[in-house]
Every structure is written in structure tokens, then in C-alpha cells.
Amino acid sequence: IITDWDFGLANMNDFTEGMLYLQQYSLNAIGKTPFIYHVSNNAYDQATIDLYKSKGIEGFHCFGGASNLVPGANQYTGMQMNWINDAAVKNEIHSPCFYSGFDARPWCMIAPWNCNPTTGVYNKWLVGSNPATFTNELIKAKYYLDNNPKALKMLTVYAWNEWGEGGFIEPDVLNGTAYIDAIQNVFGLQ
């Protein structure tokens, strides 16, 4: 079970009650409690990790989230290693995120929450993703998963079809199924 985002910290009593409900419901329905991990759009510090663990969270996952990018036009890299290399996370059970691309600048005109409130321009994006760079970055991600005992053997790819934010692996007229083929080939899927 995945708990979503960072809203739990806003009202910890409701979060705690919800966690207890999930655990009890699962126990009644399937006879065991679920593995529950938390998704965040922000970096974790040790105090936040300790707080979530005290409420029953067993692992951590980033949404990917542009908050993990540094300002400016970043050259494409699939996994944002700054999130994973954070000492507070890498010593916990976690699953990494992987970008197929990210560029929310087009949304600034219609979704101001996506933009810098001072300048009105979104200042974080990735450029240069294509099937070849995507494949090379997937190979690095697989190596990370295979060689990190705290990493769940699971990779979340952002995104299937976030065309407006530059993140997509959905087949298209330019690349066909190249992104999906890359996932199948790198991970040995049929």
C-alpha cells in the first residue's frame, strides 16, 4: 500500500487513524498487514523519516518531483540520484523514481502552481531525453536496483503520457514503441 504525498504531516492524528484503519482492514481481508510505504515530492530528513516510521510506514518512495531538480536546464538523467543519495533515505527501504523527461514550463500559463511565484517562470526542467539516453539511464537504474539491498526491486517511471510536462513513454509517431522496448530489453521482460 502506498500512502500519498506529504499531507499526512498536516494532521498527524488523521494520518495515524488512517494507517491503523489500513492495517486492520488488510488484516481482516487477507489475514496479514500490508507493507506500507510513503510517497513524497520532497526530500526526506531523518526527523521526518523517524516520524513516519513511528506511524507504521515501512519504506519510502519519491514521486520524482521537480523539487529534486536543481534550477536551470538540466541535461537529462533518468534517476535523480540526489534524492537517493540522501543519507536519510538510502539507509531505509526505498524505491527510486525515474524520469522519462520533465519540462513543466508550458503549464506556467494555465497552472500557476507549477511556476516560480516570483518570476512566473518554472525554473526546473530536464532536456535531451530520447530513446537512446533513456536506455542508457535505465541501465544505470537497473544496476542501482541490483546492487542496493535497501532498494525495492521496483522502479517508478515518470510518466506514461504527461505530454504537457515532457514526461512520456507512451508510443508516439516519432519514436514508436522505443521507450517501452527499452524497458523490456533492459529489464529482460517479455
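## A first link to look for

Which residue forms a salt bridge with Lys-53? The partner is Glu-92, and the closest N and O atoms of the two are 3.0 Å apart. Keep in mind as you look around that this is a predicted model.

The two partners come from distant parts of the chain, 39 residues apart. Lys-53 belongs to helix 2, which covers residues 46-54, while Glu-92 sits in the loop between helix 4 (87-90) and strand 5 (94-95). Their surroundings are worth a look too: Glu-92 has 11% relative accessibility and counts as buried, whereas Lys-53, at 40%, is partly exposed.

## The overall picture

Stepping back, you'll find six helices and 11 strands in this protein. The protein has 190 residues, and 41% of them count as buried. The exposed area comes to about 10,300 Å², with 59% of it supplied by carbon and sulfur atoms.

How much of the contact network reaches far along the chain? Take the contacts between residues at least 6 apart in sequence: 63% of them join residues at least 24 apart.

## Two nonpolar cores

The largest nonpolar core holds 14 residues, and the members that touch the most others are Phe-98, Phe-134, Leu-138 and Leu-155. Two elements give two or more residues each to this core: helix 5 (131-147) and helix 6 (178-187). Helix 5 makes the largest contribution, with five residues.

There's also a second core, separate from that one and made of nine residues. Met-12, Ile-49, Ile-57 and Phe-60 are among its members.

## Rings that meet

Searching the whole structure turns up seven aromatic pairs. One of them is Phe-35 with Tyr-37: the ring centres lie 6.0 Å apart and the planes meet at 35°, so this pair is tilted. Stacked pairs need planes under 30 degrees apart, and edge-to-face pairs need over 60. The two partners differ in cover, as Phe-35 is partly exposed at 32% relative accessibility and Tyr-37 is buried at 6%.

Tyr-99 and Tyr-158 make an edge-to-face pair, with 5.9 Å from centre to centre and 70° between the planes. Tyr-99 is in strand 6 (residues 97-99) and Tyr-158 in strand 9 (residues 156-158), so their pairing ties together parts that are 59 residues apart in sequence. Tyr-99 is buried, with a relative accessible area of 2%, and Tyr-158 is buried as well, at 8%. Elsewhere, ring pairs link up a cluster: its members are Phe-98, Phe-134, Trp-163, Phe-168 and Tyr-179. You've already met Phe-98 and Phe-134 in the largest nonpolar core.

## Charged pairs along helix 5

Side chains of opposite charge can pair when their charged atoms come close. The count of salt bridges here is three. Besides the pair that opened this report, there is one between Glu-137 and Lys-140, at 3.0 Å from N to O. These two residues are three apart in helix 5, so about one helical turn separates them. Glu-137 counts as buried, with 12% relative accessibility.

Where is the other one? Lys-142 and Asp-146 form a salt bridge whose closest N and O atoms are 2.7 Å apart. They are also both in helix 5, four residues apart, which again puts about one helical turn between them. Asp-146 is partly exposed at 45% relative accessible area, and so is Lys-142, at 25%.

## Helix 6 and what it leans on

Which residues of helix 6 are buried? They are Tyr-179, Ala-182, Ile-183 and Val-186. Looking down the helix axis, the buried residues fall within an arc of 100°, so they line one face of helix 6.

What do these buried residues pack against? Their neighbours are helix 5 and strand 11 (167-168). Tyr-179 also takes part in the ring cluster, along with Phe-134 and Phe-168. After helix 6 comes Gly-188, which has a positive phi, near 65°.

Definitions and conventions
Residues are numbered from 1 along each chain as its sequence is written. This is a predicted model: local features need pLDDT of at least 70, side-chain atom pairs count only at pLDDT 80 or more; totals for chains, interfaces and linings use all residues. Side-chain values use heavy atoms; hydrogens and water are left out. Buried means under 20% relative accessible area, exposed over 50%, partly exposed in between (1.4 Å probe, protein chains only). Contact means heavy atoms within 4.5 Å. Accessible areas come from the Shrake-Rupley method with a 1.4 Å probe; for residues, only the protein chains shown count as cover. A nonpolar core is a set of buried Ala, Val, Leu, Ile, Met, Phe, Trp, Tyr and Cys residues joined through side-chain atoms within 4.5 Å. Rings of Phe, Tyr and Trp (its six-membered ring) pair if their centres lie within 6.5 Å; planes under 30 degrees apart count as stacked, over 60 as edge-to-face and the rest as tilted. A salt bridge is a side-chain nitrogen of Lys or Arg within 4 Å of a carboxyl oxygen of Asp or Glu. The arc is that of the directions from the helix axis to the C-beta atoms.
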